[in-house]
Amino acid sequence: MKRIASFSVDHDKITPGMYISRIDGDITTFDLRTRTPNGGDYMDSRTMHSVEHMLATLLRNGEIGEQVIYFGPMGCRTGFYLLTRDLAPEAVKNALKKALADTVAHKGAVFGATRKECGNYLDLDIDDAKRECAAFLAVLEQQNGGFDYAI
Ligand SMILES: [Zn+2]
């Protein structure tokens, strides 16, 4: 088997932040690292699932909505993938910060939290989404410039 590109990054050196994982034509894959890899502190499934519902909805309804290809959680539970088409990283970062802030300010339940809309609709909690999004927003506000893993 060929080792895929994302396994070639030294995960012991990754800190929370927003990184470009790969570029395929006009599609950019961002790694949104909300937790430190192998740091012993992972998202639980409810947090991951709740953030997925909130950010997928808000990003697709926001300014870059038409250019969002995919948003979803990493299996390792340390972050999310965001795929966009034909956008500068700074524009994606700004839209993401808005979606994170809108989640933190959200009134009411998680979007799509009914049996007809979701495959595990009881496993959602807006407070879990808010906690993760507030922490990651603080990370992005500290991150200046570079989106390269540089490792
Ligand atoms: Zn769901």
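Tutor: Let us start with three words: a residue is buried under 20% relative accessible area, exposed over 50%, and partly exposed in between, using a 1.4 Å probe and protein chains only. This is a predicted model, in which local features need pLDDT of at least 70, side-chain atom pairs count only at pLDDT 80 or more, and totals for chains, interfaces and linings use all residues. Residues are numbered from 1 along each chain as its sequence is written, and side-chain values use heavy atoms, with hydrogens and water left out.

Student: Why is Asp-102 called partly exposed?

Tutor: Asp-102 has a relative accessible area of 31%. That value falls between 20% and 50%, so partly exposed is the right label.

Student: And what makes Lys-98 count as exposed?

Tutor: Lys-98 has 52% relative accessibility, and the label exposed applies over 50%.

Student: How do you know that Asp-102 and Lys-98 form a salt bridge?

Tutor: The term asks for a side-chain nitrogen of Lys or Arg within 4 Å of a carboxyl oxygen of Asp or Glu. Here the N to O distance is 2.7 Å, so the pair qualifies. Both residues lie in helix α2, 4 residues apart, about one turn of the helix. An α-helix has 3.6 residues a turn, so residues three or four places apart point the same way.

Student: How many salt bridges are there in the whole structure?

Tutor: The search finds 9. One of them joins Arg-35 and Glu-132, whose closest N and O atoms are 2.6 Å apart. That pair links distant parts of the chain: Arg-35 sits in the loop between β2 and α1, Glu-132 in helix α3, 97 residues apart. Arg-35, Asp-41 and Glu-132 are linked in a network of salt bridges.

Student: Why are Arg-35 and Glu-132 called buried?

Tutor: Arg-35 has a relative accessible area of 15% and Glu-132 has 7%. Both values are under 20%, so both residues are buried.

Student: What else does Glu-132 meet, and why is that called a polar contact?

Tutor: The side chains of Thr-34 and Glu-132 are joined at 2.8 Å. A polar contact is a pair of N or O atoms within 3.5 Å; within protein, one must be able to donate a hydrogen and the other to accept it, and residues adjacent in sequence count only if both atoms are side-chain atoms. The 2.8 Å distance is within that limit. Thr-34 is buried at 13% and lies in the loop between β2 and α1.

Student: What makes 126-142 a helix, and how does its span fit the expected one?

Tutor: Helices (H or I, at least four residues) and strands (E, at least two) are DSSP runs, numbered from the N terminus. Helix α3 has 17 residues, so it passes the minimum of four. The expected span is 1.5 Å times one less than the number of residues, which gives 24 Å, and α3 reaches 25 Å from its first C-alpha to its last.

Student: Which residues of α3 are buried, and how do you know where they face?

Tutor: The buried ones are Ile-126, Asp-128, Ala-129, Glu-132, Cys-133, Phe-136, Leu-137 and Leu-140. They cover an arc of only 155° around the axis (taken from the directions from the helix axis to the C-beta atoms), so they lie on the same side of α3. On the other side, Arg-131 and Gln-142 are exposed. The buried residues pack against β1, β2, α1 and α2.

Student: What happens at the start of α3?

Tutor: A side-chain oxygen of Asp-125 comes within 2.7 Å of the backbone nitrogen of Asp-127. Asp-125 is partly exposed at 26%. Asp-125 is also in contact (heavy atoms within 4.5 Å) with Arg-46, Ser-50 and Val-110, leaving aside its neighbours within four places in sequence.

Student: What makes His-49, His-53 and Cys-118 donors of the zinc ion?

Tutor: Donors are N, O and S atoms within 2.8 Å of the metal (3.2 Å for Na, K and Ca); water is not among the atoms, so sites may look incomplete. The NE2 atoms of His-49 and His-53 and the SG of Cys-118 lie 2.0 to 2.3 Å from the zinc ion, so they qualify. His-49 in helix α1 and Cys-118 in the loop between α2 and α3 are 69 residues apart, and both are buried.
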